[in-house]
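Reader: Could you take me on a close look at one part of this model, and then show me how the rest is laid out around it? I would enjoy one connected walk rather than a list.

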Amino acid sequence: MATPAAFQPLNAQNIQRALSTKTLGRTLHVLEEVASTNTAAVALAQDRAPHGTVVVAESQAAGRGRLGRHWHSPSGKNLYCSILLRTMPDREQQPLWLSWIPLIAALAVSRAVQATTELKPSVKWPNDILTGNRKLGGILCESGGIGTAHASVIVGIGVNVNVRRDEFPEELREIATSVMIEAGLPCDRAALLATLLVELETRCESFLAGNHGDILEEYLLRCSTVGRRVRIELAHGEHMDGKADSIQADGSLRILRDDRTPVDIRAGDVIHLR
Ligand code: BTN
């Protein structure tokens, strides 16, 4: 009997069959094991790999998360991919583009999971993908050569897809989840990746065409942070509490502190309170 699509290993053929993008994933590296797909994509970018190159792996020996954290990357169950973007707006628009890419990627992942499973994950600012309060996926963006003709941004995406709760390490069991746990069904990773790439491509194109307001509106519809009480983890173990008020045009999160002072947060770890 044939293996159901949800349990098939990732390979270039089943990904490409599902792909409907113009450029993302048209150059595709499917690896059995790698230290980190982001590290591999950074190396490919330095070797002048083209815009849209995607590295996907069945497992990562040293998967990297934000803020120097480790990303749990067991074999054959999840999605670990890195996408090389080379499209750049004019020089004065570049900071805006660079700060929006992680938010756009989170939006694309949330939409792709919904299209594939009917779950509707939310986005915790800036780019954690959640169902309820548990983390389903995360994004790590790394840029290089900005200001040169070889500028690149690597969008690294990890989504917990077909892991069972007992397969998470103890310390993640209460804070992480997977598509299969939430939907009650395993999910075809090749179809999810192909959907994610087309969602990312169309939203990047739209943003670069100047439709910033549309992307902000779509992001706000998915964002579970705005309107909540939050704690911002600052350096040296300090924190700041307040109410998440809005997303600013530059992608930063505006917090209203308890004395109503507005503070715009550009980067940081947010905890949803209550
Ligand atoms: C986070 O901390 O939330 C970001 C996690 C990003 C993990 C992905 S998995 C694919 C890519 N390769 C990596 O080493 N990290 C990213």
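Author: Happily! Let us start at Arg254, whose bridge partner in strand 11 is Asp264. That pair belongs to the ladder between strand 10 and strand 11, which run antiparallel and are joined by 4 bridges. Please keep in mind that this is a predicted model.

Follow the chain through the turn here, and you will find that strand 10 and strand 11 form a hairpin with 4 residues between them. Within that turn, Arg260 has a positive phi of about 75°. This is worth a pause, since most residues other than glycine have a negative phi.

Now look to the other neighbour of strand 10. Strand 9, residues 239-247, is joined to strand 10, residues 253-257, by 5 bridges, and this pair too is antiparallel. One position to click on is Lys243, which stands opposite Leu256 in strand 10.

Stepping back, these strands are part of an open sheet of 5 strands, in the order 11-10-9-8-12, with antiparallel pairing. Strand 11 (262-265) and strand 12 (269-272) each have a single partner strand, so each is an edge strand with one side left without a neighbour in the sheet. From one strand to the next, the twist averages 45°.

The model also has an open sheet of 7 strands, and there the pairing is mixed, with the order 1-2-3-7-6-5-4. Its edges are strand 1 (28-34) and strand 4 (122-124); each has a single partner strand, so one side of each lacks a neighbour in the sheet. Ignoring direction, neighbouring strands of this sheet are turned by 20° against each other on average.

Two details of the backbone lie on either side of strand 4. Glu118, in the loop between helix 3 (94-117) and strand 4, is not a glycine, yet its phi is positive, near 75°. In the loop between strand 4 and strand 5 you will meet Pro126, and the peptide bond leading to Pro126 from Trp125 is cis, with omega near 0°. As a reminder, most peptide bonds are trans.

Just past that loop, strand 5 (residues 128-131) pairs with strand 6 in the antiparallel sense over 3 bridges. Within this pairing, Ile129 stands opposite Gly137 in strand 6.

Strand 6 then leads us to the ligand. Of the shell around the ligand, strand 6 supplies the largest share, 4 residues. Helix 2 (37-46), strand 3 (79-85), strand 6 (134-144) and strand 7 (152-159) each give at least two residues to that shell. There are 20 residues around the ligand, and the nearest are Ser36, Gln60, Arg64, Arg66 and Lys135.

Which atoms face each other there? A polar side-chain atom of Lys135 lies 2.6 Å from an oxygen atom of the ligand. With Arg64 the backbone takes part: one of its N or O atoms lies 2.6 Å from a nitrogen atom of the ligand. Asn38 likewise places a backbone N or O atom 3.5 Å from a nitrogen atom of the ligand. Taken alone, the ligand exposes 410 Å², and the protein buries 98% of that. As for where this happens, the ligand sits in the largest pocket.

Definitions and conventions
Residues numbered from 1 in each chain as written. Predicted model: local features only at pLDDT ≥ 70, side-chain atom pairs only at ≥ 80, totals over all residues. Heavy atoms only, no water. Pairing = 2+ DSSP bridges. Axes fitted to C-alpha atoms, helices over the stretch in contact; angles between N-to-C directions. Near = heavy atom within 4 Å. Polar contact = N/O pair within 3.5 Å; in protein donor to acceptor, adjacent residues only side chain to side chain. Areas by Shrake-Rupley, 256 points an atom, 1.4 Å probe, with all protein chains shown as cover. 1 Å grid on protein atoms, 1.4 Å probe; cavity = no way out; pocket = protein on both sides within 12 Å on 5 of 7 lines; lining within 4 Å. Sits in = over half its atoms within 2 Å of the grid points.
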